[in-house]
Amino acid sequence: QVQLVESGGGLVQPGGSLRLSCAASGSIFSINAMGWYRQAPGKERELVAAITSGGSPNYADSVKGRFTISRDNAKNRVYLQMNSLKPEDTAVYYCNADVKRAIGTRYNNYWGKGTLVTVSS
């Protein structure tokens, strides 16, 4: 089995910063794309940022210039540095990854359980 565990969420004032981390563990042969999604109350889950195995990032327009995604392939970790946070960034943030569990198998998609980010004064 594969587990994705997020950490780093919390309460922060507008304009502040947080760094989210996600650790993938379990039966892992390789990881392709990794990403962060978020879901605010009453809204659908949306992509925040994603990064390929080669390190190419992709961002939602709403976070460009404020958030930075990165990954450590050796540690099977992905990070999200969030700066200049706004109240509208308040949401549960979920880690997502495409994982191959053994050579010759296909990639399957996995989700973490989420970490809450609250931006409020």
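In what sense do strand 3 and strand 8 pair, and over how many bridges? In this predicted model, the two strands pair in the antiparallel sense, over 6 bridges. L20 stands opposite L80 of strand 8 along this pairing.

The pair belongs to an open sheet of 4 strands, ordered 1-3-8-7 and paired in antiparallel fashion. Strand 1 (2-7) and strand 7 (67-72) sit at the edges, each pairing on one side only. On average, neighbouring strands of the sheet are turned by 15° against each other, direction ignored. At one edge, strand 1 is joined to strand 3 by 6 bridges, with the two running antiparallel; here E6 stands opposite C22 in strand 3. At the other edge, 6 bridges join strand 7 to strand 8 (residues 77-82), again antiparallel, and I69 stands opposite L80.

S21 gives a view from within the sheet. This serine is found in strand 3 (residues 18-26) and is buried, with a relative accessible area of 11%. Leaving aside neighbours within four places in sequence, S21 is in contact with V5, E6 and S7, with R77, V78 and Y79, and with W36.

Now for the nonpolar interior. In soluble globular proteins, nonpolar side chains tend to be buried together. The largest nonpolar core of this model has 31 residues, and those with the most contacts inside it are W36, L80, M82 and Y93. At least two residues of the core come from each of strand 1, strand 3, strand 4 (30-39), strand 5 (46-51), strand 7, strand 8, strand 9 and strand 11 (115-119). Strand 9 supplies the largest share, with 5 residues. As for M82, its contacts beyond four places in sequence are G16, S17, L18, L20, R66, F67, Y93 and V117.

Charged residues tell another part of the story. How many salt bridges does a search of the whole structure find? The search finds 4. One of them joins R38 and E46, whose closest N and O atoms are 2.7 Å apart. R38 counts as buried, at 6% relative accessibility, whereas E46 is partly exposed at 36%. R38 also forms a salt bridge with D89, the closest N and O atoms being 2.9 Å apart. Because D89 lies in the loop between strand 8 and strand 9 and R38 in strand 4, this pair ties together parts that are 51 residues apart in sequence. Taken together, R38, E46, R66 and D89 are linked in a network of salt bridges.

D89 itself is buried, at 0% relative accessibility. Not counting residues up to four places away in sequence, D89 touches R38, R66, F67, S84, V117 and V119. S30, by contrast, lies 31 Å from D89, C-alpha to C-alpha, with their positions 59 residues apart in sequence counted as separation. Another salt bridge pairs D61 with K64, the closest N and O atoms being 3.1 Å apart; D61 is exposed, at 65% relative accessibility.

K100 is a charged residue without such a partner. Found in strand 9 (residues 91-100), K100 is buried yet has no salt bridge, and the nearest side chain of opposite charge, D98, is 12 Å away. What does K100 contact, leaving aside its neighbours within four places in sequence? The residues in contact are I28, F29 and S30, along with T105, R106 and Y107.

How values were computed:
Residues numbered from 1 in each chain as written. Predicted model: local features only at pLDDT ≥ 70, side-chain atom pairs only at ≥ 80, totals over all residues. Heavy atoms only, no water. Buried < 20%, exposed > 50% of the residue type's maximum accessible area, 1.4 Å probe, protein only. Lys, Arg positive; Asp, Glu negative; His and termini not counted. Contact = heavy atoms within 4.5 Å. Pairing = 2+ DSSP bridges. Axes fitted to C-alpha atoms, helices over the stretch in contact; angles between N-to-C directions. Core = buried A, V, L, I, M, F, W, Y, C linked by side-chain atoms within 4.5 Å.
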